[in-house]
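Here is the note you asked for, set out as numbered points. Please read it alongside the sequence and the structure.

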Amino acid sequence: LPKLLEQPGRQMPDWWRPTWAGAVAIAGRLARRVSTITEWTHGVSEWRLPEVAISCGNSSKALRIRGRVDLLLARKLAPNPEPARVPEELWVIDFKTGEQPPLSLSRIMSGNGLQIALYGLALQAMGACSVAMSRLGPHLPLEDPQLTHADLASLDSLVAGLAAMQDSGVFGMLGELRSEFGIPSA
């Protein structure tokens with residue numbers, strides 16, 4: 001940004017320096033936390049998850065998702081891995097700059113952390129045997145994963161509901177919200 005502003009002779013906005021300094025401080029704190037993980041030897045940041053179909057239990061329906069994972073760690077890679085093959089053990093870490101609670105099944109069922117759980121399900125659909133998930137913030141501990149692949153098995157009905165909304169295009173409430181011909185009387 002400084003170089004872009006220098007060329008036309010414009011001043012750096014006052015708010016930019018403290019905002020940038022705050023972002024650098026948070027990034028440094030998160031990086032120091034991740035650097036303490038020693039068993040997970042491989043990683044990639046901002047990994048693009050291709051479109052993946054997540055099956056909905058015994059149903060023929062599938063939820064299609066894609067996205068970008070903040071940090072994906074692998075415990076070990078197979079010797080001479082195939083380029084398209086997903087490692088067997090993965091850990092999805094979602095960075096949050098503000099205060100967020102750790103992941104839990106009850107929070108996911110209410111929508112909080114659902115994206116991370118869907119990434120875990122997608123990685124399982126791609127061939128990972130074990131997927132762990134965590135949310136990392138400035139003050140959240142990162143000793144162990146907050147959710148594991150075993151927790152994902154209980155999300156079948158939630159995934160089926162999302163797939164139904166995806167297929168029908170109906171999100172939210174059904175029915176008339178207000179009369180076409182005026183305000184209803186109480």
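**Notes on the predicted model**

1. In this predicted model, helix α2, residues 16-34, has 19 residues that should span 27 Å at 1.5 Å a residue, and its end C-alpha atoms are 27 Å apart, which agrees. Within α2, Trp16, Leu30 and Val34 are buried. These three cover an arc of only 70° around the axis, which puts them on the same side of α2. On the other side of α2, Arg17, Pro18 and Arg32 are exposed. For part of this pattern it helps to recall that an α-helix has 3.6 residues a turn, so residues three or four places apart point the same way.

2. The sheet is an open one of four strands, in the order β1-β2-β3-β4, and its pairing is mixed. The edges are taken by β1 and β4, each of which has a single partner strand, so one side of each is left without a neighbour in the sheet. Direction ignored, neighbouring strands of this sheet are turned against each other by 40° on average.

3. The pairing of β1 (residues 42-55) with β2 (residues 62-74) is antiparallel and runs over 11 bridges. Two positions may serve as landmarks when inspecting the register: Leu49 has Gly67 in β2 as its bridge partner, and Ser55 stands opposite Ala62 in β2. The two strands form a hairpin with six residues between them, and in the turn Gly57 has a positive phi of about 60°.

4. Two helices should be viewed together with the sheet. Helix α4 (residues 114-125) lies across β1, β2, β3 (89-95) and β4, and runs at about 80° to β1. Helix α6 (residues 156-168) also packs on the sheet, where it touches β1 and β2, and its direction makes about 125° with that of β2.

5. Which residue in the loop between β4 (130-136) and α5 (149-152) deserves a closer look? I would point to Gln146, which is found in that loop and is buried, because its relative accessible area of 18% falls under the 20% limit for that class. Its side chain reaches the backbone nitrogen of Leu103 at 2.9 Å, and the side chain of Gln146 also reaches the backbone nitrogen of Arg135 at 2.9 Å. Leaving aside residues up to four places away in sequence, Gln146 touches Pro102, Leu103, Met133, Ser134, Arg135 and Pro141, so that both residues whose backbone nitrogens are reached, Leu103 and Arg135, appear among its contacts within 4.5 Å.

Note on methods
Residues are numbered from 1 along each chain as its sequence is written. Side-chain values use heavy atoms; hydrogens and water are left out. Buried means under 20% relative accessible area, exposed over 50%, partly exposed in between (1.4 Å probe, protein chains only). A polar contact is a pair of N or O atoms within 3.5 Å; within protein, one must be able to donate a hydrogen and the other to accept it, and residues adjacent in sequence count only if both atoms are side-chain atoms. The expected span of a helix is 1.5 Å times one less than its number of residues. The arc is that of the directions from the helix axis to the C-beta atoms. Two strands pair if DSSP finds at least two bridges between them. Axes are lines fitted to C-alpha atoms, for helices over the stretch in contact, and angles run from 0 to 180 degrees between N-to-C directions.
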